[in-house]
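Got the viewer open? Here is a short tour, with a selection to make at each stop.

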Amino acid sequence: MNAVTYDDVHVNFTWEEWALLNPSQKSLYRDVMVENYRNLTAIGYIREGHNIEEHCQSSRSHQR
């Protein structure tokens with residue numbers, strides 16, 4: 001069994017896809033991604049060259 005990585009639990013929406021989500025779906029996405037980040041960091045996972053928390057927080061700015 002292979003270890004789970006951030007890429008395994010990350011969903012990357014295009015701007016067009018993001019625009020199709022309703023506010024509750026966007027909120028759920030942010031909540032799940034922040035929880036995923038916290039779970040991965042709790043077990044010591046660090047993704048080199050990327051700030052996962054910053055990425056999760058930037059998803060909040062997708063609100064268009």
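**Stop one: a ring in a loop**

Start by selecting F13, which lies in the loop between α1 and α2. One thing to keep in mind as you look around: this is a predicted model.

Show F13 as sticks and colour it by accessibility. Its relative accessible area is 26%, so F13 counts as partly exposed. Now ask for its contacts. Which residues does F13 touch, once its neighbours within four places in sequence are left aside? You should pick up W18, L21 and Y29.

**Stop two: the aromatic cluster**

Add W18 to the selection. The rings of F13 and W18 make a tilted aromatic pair, with 5.8 Å from centre to centre and 55° between the planes. W18 itself is buried, at 2% relative accessibility, whereas F13 is partly exposed.

Next, add Y29. How are the rings of F13 and Y29 arranged? Their planes meet at 70° and their centres are 5.2 Å apart, so this pair is edge-to-face. It also ties together distant parts of the chain: F13 sits in the loop between α1 (6–9) and α2 (15–20), while Y29 belongs to helix α3, 16 residues apart. Y29 is buried, with a relative accessible area of 11%.

Keep the three residues on screen together: ring pairs join F13, W18 and Y29 into a cluster. The aromatic pairs come to 3 in total.

**Stop three: the core**

Now select Y6, W18, L21, Y29, M33 and L40, the 6 residues of the largest nonpolar core. Helix α3 (residues 23–42) supplies the largest share of this core, with 3 residues. Two members of the cluster you just left, W18 and Y29, turn up here again.

**Stop four: along α3**

Hide the rest and show α3 as a cartoon. This helix has 20 residues and spans 29 Å from its first C-alpha to its last, close to the expected 28 Å at 1.5 Å a residue.

Colour its buried residues: K26, Y29, R30, M33, V34, N36, Y37 and L40. Where do they sit around the axis? They take up an arc of only 155°, which means they are on the same side of α3. The list isn't purely nonpolar by name, either; K26, R30 and N36 are among the buried residues.

Spin the helix to look at the face turned away from that buried side. There you'll find the exposed residues S24, L28, R38 and A42.

Then step past the end of the helix to G44, which follows α3 and has a positive phi, near 90°.

**Last stop: the whole chain**

Bring everything back and zoom out. How many helices and strands does the protein chain have? There are 4 helices and 0 strands, and reading along the sequence gives α-α-α-α.

Switch on a surface if you like. The accessible surface of the protein chain is about 5,000 Å², and carbon and sulfur atoms account for 51% of it. Of the 64 residues, 25% are buried.

Finally, try a contact map. Among contacts with a separation of 6 or more, 63% are between residues 24 or more positions apart.

Notes
Residues numbered from 1 in each chain as written. Predicted model: local features only at pLDDT ≥ 70, side-chain atom pairs only at ≥ 80, totals over all residues. Heavy atoms only, no water. Helix = DSSP H or I, 4+ residues; strand = E, 2+ residues; numbered from the N terminus. Buried < 20%, exposed > 50% of the residue type's maximum accessible area, 1.4 Å probe, protein only. Contact = heavy atoms within 4.5 Å. Areas by Shrake-Rupley, 256 points an atom, 1.4 Å probe, with all protein chains shown as cover. Core = buried A, V, L, I, M, F, W, Y, C linked by side-chain atoms within 4.5 Å. Expected span 1.5 Å × (residues − 1). Arc of directions from axis to C-beta. Phe/Tyr/Trp six-rings, centres within 6.5 Å; stacked < 30°, edge-to-face > 60°.
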